[in-house]
Every structure is written in structure tokens, then in C-alpha cells.
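Reader: I'm new to reading protein structures, and sheets confuse me most. Could you take me through the sheet in this one, strand by strand, and then show me what sits around it?

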Amino acid sequence: MLTHIKDIAIQLAPRLIEIRRHIHSHPELSGQEYQTSAFVAGVLSSCGIHAEEGVGKTGVIGELQGKGEDTRILGIRTDMDALPIAERTELGFSSRQSGIMHACGHDVHTTVGLGTAMILSQIVEELPGKVRFLFQPAEEIAQGASWMVKDGAMDKIDAILGLHVFPSIPAGSIGLRYGALTAAADELEIIIIGESGHGARPHEAIDAIWIASQVITNLQQAISRTQNPLRPVVLSIGKIEGGRAPNVIADRVQLLGTVRSLHPETRTQLPNWIEQIVANVCHSYGAKYELNYRQGVPSVQNDYAITQILQSAAEEAWGGDAVQILPEPSLGAEDFSVYLDHAPGSMFRLGVGFKDRMINYPLHHPLFDVDESAIVTGVVTLAYAAYKYFSHGA
Ligand code: NI
């Protein structure tokens with residue numbers, strides 16, 4: 001079966017590169033993937049897969065029923081949105097939408113999802129169960145997965161696979177991780193409320209700017225002294241706003257930040273822990289505060305058995321040297337985790353680095369580029385892992 005899948009993938013390669021370049025030149029922002037989803041639905045239909053558009057706003061679902069007797073459903077999720085970045089690659093197929101770019105490789109993900117669908121539709125007679133393809137919108141704003149789930153995309157799914165391109169490992173290789181792959185990403189808003197006054201008479205005012213600076217310093221110090229260093233927490237204040245004039249003491253400062261963590265248990269304790277520190281500082285100096293902690297996406301926790309299926313599929317297909325077990329998770333976020341609340345699954349990293357380039361630009365960079373040979377690596381790995389999932393026994 002593996003040889004058969006590889007042969008089909010090699011035959012499809014020119015078409016897949018064409019698809020990837022088409023999607024790359026026509027990027028669309030999160031929640032506006034109208035052309036992309038119509039294109040995806042068209043390709044799915046052309047290989048006999050029933051496609052449903054408008055799932056999760058601008059998402060698409062395709063279902064392929066294998067001819068075997070396995071009643072399970074395997075989900076394969078790829079995301080489709082681009083970023084508000086002006087592309088500077090000067091590739092022949094670079095973005096035709098000014099200020100929008102597929103700088104996170106979701107064009108490759110969508111292509112790999114379509115390529116996998118094309119291959120599995122050609123081996124449908126030998127496919128033991130049902131595969132549901134989830135083409136997700138709005139990953140970059142961490143909302144698309146929730147939209148898809150709300151519209152029933154995960155109903156009856158038994159397991160789910162996903163991928164993300166990774167420029168720091170070369171094309172032809174696959175990165176895997178058991179357990180945590182990405183971090184939980186929560187949002188934080190703190191408002192410090194003091195009392196305005198003359199800049200020359202601080203003792204008659206409550207200086208919200210100075211107290212805000214104490215809050216930030218205390219939070220950063222408290223992370224290093226009160227959080228388990230083996231359970232990482234990153235708190236970054238990315239926006240601060242307050243005050244009116246150089247000689248007026250500010251009565252209000254707003255701080256906006258992101259909070260990243262890997263351990264679900266640590267994560268549940270963070271809102272109270274942060275509030276205690278903010279409250280202590282504010283009370284010491286007579287200020288009031290408001291705190292809004294918004295839970296974002298959870299951490300991606302890859303399932304052991306499903307990661308094993310991916311690992312053995314990738315090793316059989318490409319040899320052990322091409323498969324890396326990633327030593328560290330990332331503190332980036334990925335809303336694939338939202339699906340994992342409904343079924344176990346695993347997301348792998350697809351190497352897209354050019355072996356002969358000194359610099360492979362990182363994700364979200366205006367010069368980000370991928371070695372397109374990785375597309376075949378991705379589709380063969382996913383298609384074969386899907387086949388193996390069903391062969392693995394119920
Ligand atoms: Ni991404």
C-alpha cells in the first residue's frame with residue numbers, strides 16, 4: 001500500500017505544486033476565506049468527494065467513505081487563512097493581494113489536505129473506514145476551530161490528525177512530539193485606577209503609571225520565584241496605555257498581555273495567581289484595579305497511540321533518519337487543540353526548510369518560503385497514516 005500511495009503522490013506532484021501556488025497568490029485573511037474555500041470544494045468534488053461549504057463560517061468539510069467495515073471516522077484538519085503581512089519574496093507566484101501573505105504556510109497545509117484527499121479517493125476500495133477532511137478558516141485569530149466544532153465538524157469523529165510546516169527542519173523530514181506540542185494562550189487585561197493630580201504634588205494623587213510599572217515588575221519577578229521552573233509560564237505585556245499630559249499624574253492605565261503555559265494544571269491556577277499579585281500591589285498604594293482574564297486556546301497535547309501511528313507511517317515512508325522527535329514544545333499557540341477536546345489526535349511538523357540555503361526565514365516573516373518538495377512528504381505521510389489508523393484495530 002505504501003508504494004502505491006507514493007506512486008500516486010509522485011504522479012500528483014506537479015498538480016499539487018500548481019494548487020499550492022494558486023492558493024499562495026490568492027491569500028485571504030482569517031474569516032474571509034471565500035475564494036479559497038470555493039476552490040477547495042471544487043477540487044474535492046473533482047475527485048468524487050462530497051464537499052460541504054459554509055461549515056464554521058468559511059470552512060469546508062469533505063467526507064470519503066472507504067469500502068471496508070471499520071465504522072470509525074478519522075478527521076484530517078488543515079487550515080486555510082493568511083496573514084496581514086506584505087510579501088517580499090518576489091516569487092513568480094507571490095501574493096496578488098497587497099498586504100496579505102501566506103506567511104504561515106497554510107497554503108501548503110491546504111494543499112496537503114487536498115493531496116491527501118486525492119490519494120485516499122484513489123485507494124477508496126482499500127480504505128477500511130471513513131475520513132473527514134476539515135478545511136478550517138481563521139486559525140490565525142484562534143477562532144476557526146471553535147466555529148467548525150460548533151457546526152458539528154467533530155461529530156462522531158474518533159481521532160484527528162493535523163500538521164504545521166516548520167522551516168527549521170529540512171524538507172523531507174517530519175517532526176513529531178509525544179504530549180505537549182504548543183502552549184495554552186490566554187489574554188490578559190489589567191486596568192489600574194488611581195487618582196489624578198498635579199505632576200508636582202504626587203503625594204496628593206495616586207499615580208496609576210507608577211503603580212502599573214510595579215505591577216509589571218512584580219508579575220515578572222513572581223514568575224521566576226513562585227512558579228515551578230519546570231512548568232513554563234510566559235507573561236508578556238504587549239500594550240500599555242494611560243495618562244494625558246507630562247505634568248498630570250495619570251488616574252488610569254490599561255495593560256494588555258498574553259499568558260502562555262504548557263501544563264493544564266498550571267493554567268487553571270494562573271488567573272487567581274495574577275489577580276493576587278495585582279491586588280497586593282494596588283492595595284499597597286491605594287489604587288483600584290479591574291482584571292479580565294480571557295481563556296484562549298488550550299495547549300496541543302498529542303495523543304500517544306496516534307502519534308505512534310504517525311511515527312511508524314513516517315518512518316516506513318521516509319526512513320528513521322527523516323523522522324525527528326522534537327525535544328521541546330513551542331510556546332506558540334495552535335487552535336488544533338480545540339478539536340482535541342472532542343477526540344484524541346496528533347499534529348506533526350512538516351519540514352519545509354531548503355537544505356542549501358543559509359537562511360530559512362521563520363514563520364510570519366515577509367520573506368518566508370518553503371521547499372515545495374515537502375508537499376509530497378506531507379501527503380504520503382498523512383495518507384499512509386490514515387490507512388494505518390484503520391488497520392491498527394478498533
Ligand atoms: Ni500557522
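Author: Here is a walk through the sheet, followed by a few residues and a metal site worth finding on your screen. Keep in mind that this is a predicted model.

Let's start with the whole sheet. It is an open sheet of eight strands, in the order S1-S2-S4-S3-S5-S16-S6-S15, and the pairing is mixed. Strand S1 (50–55) and strand S15 (323–325) are at the edges with a single partner strand each, so one side of each has no neighbour in the sheet. From one strand to the next, the twist averages 25°.

What does "pairing" mean here? Strands of a sheet pair through backbone hydrogen bonds, and they can do so parallel or antiparallel. You'll meet both kinds below.

Begin at the S1 edge. S1 and strand S2 (residues 59–65) run antiparallel and are joined by five bridges. To see how they line up, find His50, which stands opposite Glu63 in S2. Helix H2 (residues 34–46) packs on the sheet here, touching S1, S2 and strand S4 (130–136), and its direction makes about 165° with that of S1. Back on the strand pair, Glu52 stands opposite Ile61 in S2. One general point helps when you look at side chains: in a regular strand they alternate between the two faces of the sheet.

Now look at the turn. S1 and S2 form a hairpin with three residues between the strands, and Gly56 in this hairpin takes a positive phi near 65°. Lys57 also has a positive phi, about 60°, although it is not a glycine. You'll find Lys57 in the loop between S1 and S2. Is Lys57 buried or exposed? Its relative accessible area is 54%, and the cut-off for exposed is over 50%, so Lys57 counts as exposed.

Follow the chain into S2 itself. This strand is largely enclosed by the rest of the structure, because five of its seven residues are buried. On its other pairing, S2 is joined to S4 by six bridges, and these two run antiparallel. Gln65 is a handy marker for this pair, standing opposite Lys130 in S4.

Next comes the S5 part of the sheet. Strand S5 (residues 159–170) is mostly covered, with nine of its 12 residues buried. Which strands does S5 pair with, given the order of the sheet? One is strand S3 (residues 73–79), which runs parallel to S5 and is joined to it by four bridges. Within that pair, Gly75 has Ile160 in S5 as its bridge partner. Another is strand S16 (residues 345–353), also parallel to S5, with eight bridges joining the two. There, Leu161 has Ser346 in S16 as its bridge partner.

Just ahead of S5 there is another lysine to look at. Lys156 is in the loop between helix H4 (144–150) and S5. Lys156 is not a glycine, yet it has a positive phi of about 70°. With a relative accessible area of 73%, Lys156 is exposed.

Now for the metal. Which residues coordinate the nickel ion? They are Cys104 (SG), His106 (NE2) and His164 (NE2), at 2.1 to 2.3 Å. Along the sequence, these donor residues are spaced C-x1-H-x57-H. Cys104 has 6% relative accessibility, so it counts as buried. His106 is buried as well, at 0%.

While we're on cysteines, how many disulfides does the structure have? A search of the whole structure finds zero. Cys47 is partly exposed at 21% relative accessibility, while Cys282 is buried at 0%.

Finally, let's visit a charged residue in a helix. Arg267 is in helix H6 (residues 264–284). Why does Arg267 count as buried? Its relative accessibility is 10%, and buried means under 20%, so it falls within the cut-off. A polar contact of 2.7 Å joins its side chain to that of Asp186. A polar atom of the Arg267 side chain also lies 3.0 Å from the backbone oxygen of Gly296. Leaving aside neighbours within four places in sequence, the residues in contact with Arg267 include Ala184, Ser261, Gln295, Val297 and Pro298.

Definitions and conventions:
Residues numbered from 1 in each chain as written. Predicted model: local features only at pLDDT ≥ 70, side-chain atom pairs only at ≥ 80, totals over all residues. Heavy atoms only, no water. Buried < 20%, exposed > 50% of the residue type's maximum accessible area, 1.4 Å probe, protein only. Pairing = 2+ DSSP bridges. Axes fitted to C-alpha atoms, helices over the stretch in contact; angles between N-to-C directions. Contact = heavy atoms within 4.5 Å. Disulfide = S-S within 2.5 Å. Donors = N, O, S within 2.8 Å, 3.2 Å for Na, K, Ca; no water. Polar contact = N/O pair within 3.5 Å; in protein donor to acceptor, adjacent residues only side chain to side chain.
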